[in-house]
Amino acid sequence: MENELDLNSIFSENGIYRNDTVVLHIDAGVASQYKNISNENKINHLISELKNFFNDSGTLLVPAFSYSFTENEEYDVMRSVSKVGLFSEYFRKSKGVARSEHPIFSMSIYGKNQEKYLNSNNNDCFGPKTSFDILYHENAKIVCLGCSLDRATFVHYSEQANEVSYRYLKNFNGKVINEMNQQYQMTTSYFVRDLGIRSSTSLKLLMKDATKKNKIIKGSFGRFPLTVITCQDFHDIASELISKNELSLTEEGNNEI
């Protein structure tokens, strides 16, 4: 029996194209849907499908966040484990993928513009010339596959750009060991949240506004949800919401929805 999931068709039907730049947030359980493939090979099969889709035309980024400096650990590009899921670990170790040197929010990158993201600013997490800033200026697509849009770390780019008061810049220092096994000390600033309020992310209001404005695509990948929004649309809507109510992107601001 043929696999019922046709990634090419599903992506195209949901506004994802081969020459796009995509930052992908994904639950590894999505791969469980593939039939006639052994369980231990299902995630690698999905990774292969994704690489074949973007190939040399597009760029695929998958978060490989280690949070190393926030935990007083050195960051080793090749050895520091991604703390954001099983798929992330499989992807960062796969052929042709390179990992950025950011000691908190590293990205695993495959495809055409890999070097652009590898050369991003690592002395800040979400500010100018960081990977998130490049995603914005390239108008990349945020794709959430099998998970909520709340997983979209890009939200912190919008929060920092709008200088929300429930977050503040804090410097973290440590040692980085790069792909060539070279070591260096560095400092990066992270727009951390104020733990005194319910400032963890909730994007119900953003989803509602984006849907009303036809700026978001909500589809499915088999039995799992698929959500697509461009970084610029995300940022525009987020900024508008913040201007009306600074807490619009937090649990505190979404608790009545």
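This report walks through a seven-stranded sheet and the helices beside it in a predicted model.

## The sheet and its edges

Let's start with the strands. The sheet is open, its pairing is mixed, and its seven strands follow the order β4-β5-β2-β1-β6-β10-β9. At the two edges sit β4 (98–99) and β9 (217–221), each of which pairs on one side only.

At the β4 edge, the partner is β5 (residues 107–111), and the two strands pair in the antiparallel sense over two bridges. If you would like a spot to look at here, find Ala 98, which stands opposite Ile 109 in β5.

## Strand β10 and its neighbours

At the other end of the order, β10 lies between β6 and β9. Five bridges link β10 to β6, and this pairing is antiparallel. One place to see it is Cys 144, whose bridge partner in β10 is Thr 227.

On the β9 side, β10 is also joined by five bridges, again with the strands running antiparallel; here Gly 219 stands opposite Leu 226 in β10. These two strands form a hairpin with two residues between them, and Gly 222 in the turn has a positive phi of about 65°. Six of the seven residues of β10 are buried, so this strand is largely enclosed by the rest of the structure.

## Helices α7 and α8

Now for the helices. Helix α8 (residues 231–244) lies across β6 (141–145) and β10 (224–230), and its direction makes an angle of about 80° with β10. Helix α7 (residues 204–212) packs with α8 at about 115°, the axes being 10 Å apart, and the crossing is right-handed.

Which residues meet where α7 and α8 pack? From α7 come Leu 205, Leu 206, Asp 209 and Ala 210, while α8 brings Phe 234, Ile 237, Ala 238 and Leu 241. By type, the residues of this contact are seven nonpolar and one charged, with no polar ones.

## Two faces of α7

The α7 residues Leu 205, Leu 206, Asp 209 and Ala 210 are buried. They lie on the same side of α7 because they cover an arc of only 130° around the axis. Among the elements covering these buried residues are β10, α8 and α9 (251–254).

What does the face turned away from the buried side of α7 carry? There you will find the exposed residues Lys 208 and Lys 212. After the helix comes Asn 214, with a positive phi near 55°.

Conventions: Residues are numbered from 1 along each chain as its sequence is written. This is a predicted model: local features need pLDDT of at least 70, side-chain atom pairs count only at pLDDT 80 or more; totals for chains, interfaces and linings use all residues. Side-chain values use heavy atoms; hydrogens and water are left out. Two strands pair if DSSP finds at least two bridges between them. Helices (H or I, at least four residues) and strands (E, at least two) are DSSP runs, numbered from the N terminus. Contact means heavy atoms within 4.5 Å. Axes are lines fitted to C-alpha atoms, for helices over the stretch in contact, and angles run from 0 to 180 degrees between N-to-C directions. A crossing is left-handed if the near helix is turned anticlockwise from the far one by less than a right angle, and right-handed if clockwise. Ala, Val, Leu, Ile, Met, Phe, Trp, Tyr, Cys and Pro count as nonpolar, Asp, Glu, Lys and Arg as charged, and the others, Gly among them, as polar. Buried means under 20% relative accessible area, exposed over 50%, partly exposed in between (1.4 Å probe, protein chains only). The arc is that of the directions from the helix axis to the C-beta atoms.
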